[in-house]
Amino acid sequence: MKKEQSPYIKRNRFDLEVSDKKEEFRHFHQEIELIYILEGEMYLVAGRQEIQLKKEDLYVVNANKIHSFQTTDDVLYAKFSITYGTVADVFVNDPLLFLCNSASETDEKYDRLRKGMNRLLNYYLNSKGEKVSFRYIALGYDILDILTEDYLIKVPEAKSMGKFD
(Lines give C-alpha, C1' and ligand atoms only; values in the text may rest on other atoms or scores of the structure.)
Protein backbone atom coordinates (compact mmCIF):
# COMPACT_ATOMS: atom_id res chain seq x y z
CA MET A 1 0.00 0.00 0.00
CA LYS A 2 1.43 3.36 -1.02
CA LYS A 3 1.12 6.27 1.41
CA GLU A 4 0.07 9.62 0.00
CA GLN A 5 2.59 12.44 0.09
CA SER A 6 1.52 15.32 2.32
CA PRO A 7 1.04 18.73 0.67
CA TYR A 8 3.63 20.14 3.08
CA ILE A 9 6.45 17.84 1.97
CA LYS A 10 5.60 18.34 -1.72
CA ARG A 11 6.02 22.08 -1.30
CA ASN A 12 8.93 22.17 1.15
CA ARG A 13 11.05 19.19 0.11
CA PHE A 14 11.40 17.71 3.60
CA ASP A 15 9.46 17.20 6.78
CA LEU A 16 10.16 16.33 10.41
CA GLU A 17 7.87 14.36 12.65
CA VAL A 18 8.45 13.44 16.30
CA SER A 19 6.28 10.50 17.24
CA ASP A 20 5.50 7.78 19.72
CA LYS A 21 3.39 5.83 17.21
CA LYS A 22 3.60 2.14 18.07
CA GLU A 23 3.11 0.56 14.67
CA GLU A 24 3.04 1.17 10.95
CA PHE A 25 1.85 -1.56 8.62
CA ARG A 26 3.65 -2.48 5.39
CA HIS A 27 3.77 0.51 3.06
CA PHE A 28 6.07 2.44 0.76
CA HIS A 29 6.40 6.02 -0.43
CA GLN A 30 8.61 8.12 -2.66
CA GLU A 31 10.22 10.00 0.21
CA ILE A 32 13.54 8.99 1.71
CA GLU A 33 13.03 8.54 5.46
CA LEU A 34 15.68 8.98 8.14
CA ILE A 35 14.57 7.40 11.42
CA TYR A 36 16.29 8.48 14.64
CA ILE A 37 15.39 6.68 17.89
CA LEU A 38 15.23 9.07 20.85
CA GLU A 39 13.88 6.62 23.48
CA GLY A 40 12.82 2.98 23.52
CA GLU A 41 13.18 0.51 20.66
CA MET A 42 11.79 -0.03 17.17
CA TYR A 43 11.59 -3.32 15.28
CA LEU A 44 11.77 -2.35 11.63
CA VAL A 45 11.27 -4.58 8.61
CA ALA A 46 12.63 -3.00 5.42
CA GLY A 47 12.43 -5.29 2.42
CA ARG A 48 13.79 -8.59 3.71
CA GLN A 49 15.86 -7.02 6.47
CA GLU A 50 14.78 -7.10 10.11
CA ILE A 51 16.44 -4.41 12.16
CA GLN A 52 16.24 -3.70 15.89
CA LEU A 53 16.81 0.00 16.51
CA LYS A 54 17.64 1.28 19.99
CA LYS A 55 18.21 4.71 21.51
CA GLU A 56 20.33 6.96 19.24
CA ASP A 57 20.21 4.51 16.32
CA LEU A 58 19.74 5.91 12.82
CA TYR A 59 18.34 4.17 9.78
CA VAL A 60 17.48 5.35 6.27
CA VAL A 61 14.49 3.81 4.53
CA ASN A 62 15.09 4.44 0.83
CA ALA A 63 12.42 5.69 -1.56
CA ASN A 64 9.84 3.08 -2.60
CA LYS A 65 11.19 0.53 -0.10
CA ILE A 66 8.41 -1.55 1.47
CA HIS A 67 8.70 -1.29 5.23
CA SER A 68 6.82 -1.60 8.50
CA PHE A 69 7.61 -1.32 12.19
CA GLN A 70 6.52 -2.04 15.73
CA THR A 71 7.89 -0.32 18.82
CA THR A 72 8.15 -0.70 22.56
CA ASP A 73 5.69 1.20 24.74
CA ASP A 74 8.28 3.81 25.76
CA VAL A 75 9.35 4.73 22.22
CA LEU A 76 9.97 8.24 20.96
CA TYR A 77 11.52 8.74 17.54
CA ALA A 78 12.08 11.38 14.90
CA LYS A 79 11.31 10.76 11.26
CA PHE A 80 12.95 13.13 8.78
CA SER A 81 11.47 12.72 5.29
CA ILE A 82 13.10 14.03 2.13
CA THR A 83 11.42 14.07 -1.27
CA TYR A 84 13.27 11.91 -3.76
CA GLY A 85 13.15 14.81 -6.20
CA THR A 86 15.21 16.97 -3.86
CA VAL A 87 18.14 14.54 -4.17
CA ALA A 88 17.45 13.66 -7.81
CA ASP A 89 17.61 17.36 -8.74
CA VAL A 90 21.33 17.24 -7.92
CA PHE A 91 22.16 13.70 -9.04
CA VAL A 92 20.10 13.96 -12.21
CA ASN A 93 20.51 10.64 -14.03
CA ASP A 94 21.76 8.39 -11.26
CA PRO A 95 19.44 6.05 -9.31
CA LEU A 96 20.26 6.65 -5.66
CA LEU A 97 20.56 4.52 -2.54
CA PHE A 98 21.48 5.54 1.00
CA LEU A 99 23.18 2.93 3.19
CA CYS A 100 22.72 4.17 6.74
CA ASN A 101 22.14 1.72 9.60
CA SER A 102 23.88 2.49 12.88
CA ALA A 103 22.38 -0.68 14.42
CA SER A 104 24.62 -2.86 12.24
CA GLU A 105 27.79 -0.78 12.10
CA THR A 106 29.60 1.64 14.35
CA ASP A 107 31.42 4.50 12.73
CA GLU A 108 32.23 8.05 13.79
CA LYS A 109 30.26 9.37 10.81
CA TYR A 110 27.06 8.45 12.68
CA ASP A 111 27.98 10.96 15.41
CA ARG A 112 28.01 13.71 12.80
CA LEU A 113 24.54 12.71 11.60
CA ARG A 114 23.25 12.51 15.19
CA LYS A 115 24.54 16.03 15.86
CA GLY A 116 22.77 17.29 12.74
CA MET A 117 19.52 15.62 13.78
CA ASN A 118 19.86 16.99 17.31
CA ARG A 119 20.36 20.53 15.96
CA LEU A 120 17.24 20.18 13.81
CA LEU A 121 15.22 18.68 16.67
CA ASN A 122 16.33 21.42 19.09
CA TYR A 123 15.29 24.10 16.62
CA TYR A 124 12.00 22.34 15.92
CA LEU A 125 11.13 21.95 19.61
CA ASN A 126 12.31 25.44 20.65
CA SER A 127 10.32 27.02 17.82
CA LYS A 128 7.22 24.97 18.76
CA GLY A 129 7.23 23.02 15.50
CA GLU A 130 7.98 25.91 13.13
CA LYS A 131 8.84 24.54 9.70
CA VAL A 132 8.46 27.69 7.63
CA SER A 133 11.78 29.40 8.25
CA PHE A 134 15.17 29.63 6.62
CA ARG A 135 16.77 28.11 9.73
CA TYR A 136 14.62 24.97 9.49
CA ILE A 137 15.37 24.70 5.77
CA ALA A 138 19.11 25.23 6.33
CA LEU A 139 19.23 22.56 9.04
CA GLY A 140 17.34 20.18 6.75
CA TYR A 141 19.81 20.74 3.95
CA ASP A 142 22.67 20.24 6.42
CA ILE A 143 21.32 16.75 7.18
CA LEU A 144 20.87 16.09 3.47
CA ASP A 145 24.48 17.16 2.91
CA ILE A 146 25.70 14.72 5.59
CA LEU A 147 23.59 11.92 4.11
CA THR A 148 24.87 12.47 0.57
CA GLU A 149 28.48 12.85 1.70
CA ASP A 150 28.63 9.84 4.03
CA TYR A 151 25.86 7.40 3.03
CA LEU A 152 24.93 7.87 -0.63
CA ILE A 153 25.95 5.31 -3.20
CA LYS A 154 24.79 5.09 -6.77
CA VAL A 155 22.76 2.00 -7.66
CA PRO A 156 25.31 0.38 -10.07
CA GLU A 157 27.89 0.72 -7.29
CA ALA A 158 25.48 -0.83 -4.75
CA LYS A 159 24.81 -3.81 -7.04
CA SER A 160 28.50 -4.54 -7.37
CA MET A 161 28.84 -4.36 -3.57
CA GLY A 162 25.93 -6.81 -3.08
CA LYS A 163 23.93 -4.20 -1.15
CA PHE A 164 20.48 -5.16 -2.48
CA ASP A 165 18.27 -7.48 -0.48
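User: Is N64 buried, exposed or partly exposed?

Analyst: Note at the outset that this is a predicted model. N64 has a relative accessible area of 42%, so N64 is partly exposed. Exposed would need over 50%, and buried would need under 20%.

User: Where is N64?

Analyst: Look in the loop between β6 and β7 (67-71).

User: What should I look for in the backbone there?

Analyst: Check phi. Most residues other than glycine have a negative phi. N64 has a positive phi of about 65°, yet N64 is not a glycine.

User: What is the phi of E56?

Analyst: Phi of E56 is near 75°. That is a positive value in a residue other than glycine. E56 sits in the loop between β5 (49-53) and β6. E56 counts as partly exposed because its relative accessibility is 41%. K128, just after α3, also takes a positive phi, of about 60°.

User: Now helices. How do I read one?

Analyst: Start with the turn. An α-helix has 3.6 residues a turn, so residues three or four places apart point the same way. Now take helix α3, residues 109-126.

User: Which residues of α3 are buried?

Analyst: They are Y110, L113, R114, G116, M117, L120, L121 and Y124. Seen down the axis of α3, the buried residues fall within an arc of 160°, so they line one face of the helix. K115 and N126 lie on the other side of α3 and are exposed.

User: What covers the buried residues of α3?

Analyst: The cover includes four strands and a helix: β1 (14-19), β3 (32-39), β6 (58-61), β8 (76-82) and α4 (134-150).

User: How does the length of α3 compare with what 1.5 Å a residue predicts?

Analyst: The 18 residues of α3 should span 26 Å at that rise. The end C-alpha atoms are 26 Å apart, which agrees.

User: Which residues form a nonpolar patch on the surface?

Analyst: V18, L76 and L125 do. Together they have about 230 Å² of accessible area. L125 belongs to α3. L125 counts as exposed because its relative accessibility is 55%.

User: Now the whole protein. How many helices and strands are there?

Analyst: Five helices and ten strands. Of the 165 residues, 44% are buried. The accessible surface comes to about 9,100 Å², and 49% of that belongs to carbon and sulfur atoms.

User: What do the contacts tell me?

Analyst: Look at separation along the chain. Take the contacts with a separation of 6 or more: residues 24 or more positions apart account for 74% of them.

Technical notes:
Residues numbered from 1 in each chain as written. Predicted model: local features only at pLDDT ≥ 70, side-chain atom pairs only at ≥ 80, totals over all residues. Heavy atoms only, no water. Patch = residues over 30% accessible without salt bridge, like charges linked within 9 Å, V, L, I, M, F, W, Y side chains within 5 Å. Areas by Shrake-Rupley, 256 points an atom, 1.4 Å probe, with all protein chains shown as cover. Salt bridge = Lys/Arg side-chain N within 4 Å of Asp/Glu carboxyl O. Helix = DSSP H or I, 4+ residues; strand = E, 2+ residues; numbered from the N terminus. Buried < 20%, exposed > 50% of the residue type's maximum accessible area, 1.4 Å probe, protein only. Expected span 1.5 Å × (residues − 1). Arc of directions from axis to C-beta. Contact = heavy atoms within 4.5 Å.
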